[in-house]
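Here is a model to read closely. The aim is to ask what earns each feature its label.

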Amino acid sequence: MQEHWQKPPTIDSQLVTNLAAQLGLPESVLAILVGRGYDTADKITEFLATDLANLTTPDHFYDLDKAVARIESAIENDEKITVYGDYDADGVTSTSIMVEALATLGIEVTYYIPSRFTDGYGPNMDRYHEIVADGTQLLITVDNGISGAAEVEYAQSQGVDVIVTDHHDLPAELPAAFAVVHPRHPQSDCQFSYFSGAGVAFYLAWGLLGELPVELLDLVAIGTVADVMPLVADNRILVANGLQQMQAGERLGLVALAKQAKLDLNHVTAHDIGFKLAPRLNSLGRVNSGRPAVELLTTFDDETATKIATDTEKTNQQRQQLVQEVVDKVAAELATVTAPPALVVAGENWAEGVLGIVASRLVDQYHCPTIVLSINPVTQQAKGSGRSIGEFDLFAALDDFREQMINFGGHAGAIGLTVATDKVAELRDHLVAKAAQQQEQIQATGQQQIDAVFTAQNITKLTPDSVQAVSEILEPYGESNPEPTVALKDLQWQHWQAIGQTKQTLKGTLNNIISGIAFRQGGLAAQLQAASQVTAIGQLGLNRWQGKTTVQLQIKDFILPPETPQVDQVKTNQSEPGKSSSSAPRWADVELIDWRQQKLDRTIWQTPRQYVCFNEKLAHQLQQRFTSSSRITTLDQLAADHQELLFVDLPTDIRLFTRYLSSTNAQRIYLMFYTSPAMKERLQMQIPQLRNLLKEIYQQKTVLVSELAQFAQHCGITMQQLRFGLSVFSELNFVKINKEQITAQPQMPKRQLSDSQTFMRQQSLQKSYRELAVGDLTQIKTFLKSSQSR
């Protein structure tokens, strides 16, 4: 399996059988639940429950009764009420919930949806001045406000009471509002506390109306899914019932929007919300203004709903174009980046509204926390969004950088921020250092678990009925309850082809019941067609066409057997085979074969070919274990008549790699680039981590050799990384090392890290690792072409 896929956990088959008998559920479903930790009947029953009677009640929210009393007083005294929302899907559904709840009581309120571009995220002081000046007497925030201490203080000082309803991470000091309704308020009694902004607004509406407002559950479902809240406990109940409410087709705006999205509301799922409805609602705030979204969701007029939905579809298409433009620019920025601990990417005048989408795509590609910023050359400010991975808390990681930022807010998985342009590099160093300290955790929690594996022995169990049964029981899918991921392992597929106008989509046929589809992967068709076996990983669904229902795997990844070449033709200036060219290497039309997932075992050495091993110690060890083959460690040992060449390990200098290629006539190049686990740990040690380590040593003054393991743990690094750092610092006389202790020497003259040979060797290896050991063959091809031109 590739590094970001985690094999299914080993489960007790007898336990699954017993639970199936006890609960009357299919074993296929129970195997997934047990693998996810729901290993008792009580846990499974509690997880699967979707009855509204099991919801947390409003009285568990601190200050909610106080907020209700204040709203009732405002209604009784005919005070002007303003709802201050947000421009994303959670914000507009939160606003719609409050507006509709008050309308039920006969109250017409004013609402304000801030502009992403002029107001930014959260409370804006200029807007608060305008709201106060406009005669508002009660201000209710939804999906924002918890970070607006100054704005709330201003409004309260002007005699305007503020009720904050929010769900974002709590700051050290809460705003001094009339009431703060937040599920994680220190004095809240909520057992479950990870509601969306729409969820919190719904609870205030429930308390205000005196009964559970079922008619608002569709809006709660959209806000909850769109804001990627965990779909467990109360959220699972809210979304499951919200989908039912949506299927009733009573909200005219949703009916019109679904029509534009070619979505059948009778079969709407959480996936449809996340990938069809929410992106369209979000597009309004990303491109222009989010206000029409509230109009769409609250209108009772068919014509109005149709017009806004049509305009929304056009805006969404414009949003898609903007996303692609920024993606192309970011790709150019990251052309040589392969395995960073974290990413902070910035460019001038990138479309601000789509930066969160781009950040999410980069997280998927690089598997690390990512921030994407747009620089305004006039204001010299960089504004953007960040997305996290696994259990890395992005909000907490940047909280101690808050004072360096102009604006900052969000939660563990997603943040919004504005910084001065000259702080971007410092922000990057800060996030990279934080991520590097938690690299093992990021890699572990960032992995996606495979829930089930189907092989030739059990593939017949995969039927439309079995797929339908799993989805009916486990849905709604989302955060903390992902759609099950399966691997169709080592199977011979009948056919692969690129389809669509642009041939970007890949379609595969396994048999007459099972097919596969992979978006933006059409270029792999020829390679997969040539493979003897393929492991395809993805999520299962049903394809209904012309009265026939089949199983369709939406493919996320492929794994090919080791002998299957990932082939890319690298074209150079043409020269006759066997003859050198002064302007180009002699590796015209070379096949690059990716063996970077191969192990150093006996099967590697059974075929006669040349083996390049840059590390003499490793070459000697391999020769001791595998005596039947001969490895070369210097360029003069390279024979000109070999047709196959295998690069076993990483070159200490990437230029060595190109020299070998320039000196060989081999037509087939195998790329292994073996990197030991210890070396991988050292290569993760970047400049910010070295600086932090040295700072820690200076603070400690002395560190006992007997306590190095504890010191490494304290610094958030491994022993391999600590030893590397100490070697560098010793060379530079920053520390003095003897058998008993390491002593800091801050009085010694300051020197550059580049003065250390150990550090410079590491830098060279890091470049080799980035360019050669990580990433796909396309990136290596790009590097080879660029190296030709130098």
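The questions and answers below deal with a predicted model.

Q: Why is the aromatic pair of F614 and F647 called stacked?
A: Two cut-offs decide: ring centres within 6.5 Å make a pair, and planes under 30 degrees apart make it stacked. F614 and F647 lie 6.2 Å centre to centre, with 15 degrees between the planes. Both values pass, so the pair is stacked.

Q: What makes this pair a link between distant parts of the chain?
A: F614 and F647 are 33 residues apart. F614 sits in the loop between β22 (610-612) and α21 (616-625), while F647 belongs to strand β24 (residues 644-649). The structure holds 19 aromatic pairs.

Q: Why do β7 and β8 count as paired strands?
A: Pairing needs at least two bridges. β7 and strand β8 (residues 370-376) have six, in the parallel sense. The condition is met, so the two strands pair. Within β8, V372 stands opposite V345.

Q: What makes β7 and β10 the edge strands of their sheet?
A: The open sheet has five strands in the order β7-β8-β9-β11-β10, with mixed pairing. β7 (343-348) and β10 (407-410) each pair on one side only. On average, neighbouring strands of this sheet are turned by 15 degrees against each other, direction ignored.

Q: How do you know that helix α17 packs on the sheet?
A: Contact requires heavy atoms within 4.5 Å. Helix α17 (residues 424-437) touches β7, β8, β9 (381-387) and β11 (414-420). The direction of α17 makes about 165 degrees with that of β7.

Q: Why is the space of about 60 Å³ called a cavity?
A: A 1.4 Å probe fits there but cannot get out, which means the space is a cavity, not a pocket. With about 60 Å³, it is the largest cavity. The search finds two cavities of 30 Å³ or more. β10 gives the most to the lining of the largest cavity, with three residues.

Q: How do you know that the lining of the second largest cavity has no charged residues?
A: Asp, Glu, Lys and Arg count as charged. The lining is P341, A436, Q439, Q684, M685, Q689, G716, I717 and Q721. None of these belongs to the charged class, so the split is four nonpolar, five polar and no charged.

Q: Which helix supplies the largest share of the lining of the second largest pocket?
A: α27 does, with five residues. The pocket holds about 530 Å³ of space. Its lining has 17 residues, with N615, T652, M679, R682 and L765 nearest the centre.

How values were computed: Residues numbered from 1 in each chain as written. Predicted model: local features only at pLDDT ≥ 70, side-chain atom pairs only at ≥ 80, totals over all residues. Heavy atoms only, no water. 1 Å grid on protein atoms, 1.4 Å probe; cavity = no way out; pocket = protein on both sides within 12 Å on 5 of 7 lines; lining within 4 Å. Points joined across faces, edges and corners; volume = space filled by probe spheres on them. Helix = DSSP H or I, 4+ residues; strand = E, 2+ residues; numbered from the N terminus. Axes fitted to C-alpha atoms, helices over the stretch in contact; angles between N-to-C directions. Phe/Tyr/Trp six-rings, centres within 6.5 Å; stacked < 30°, edge-to-face > 60°.
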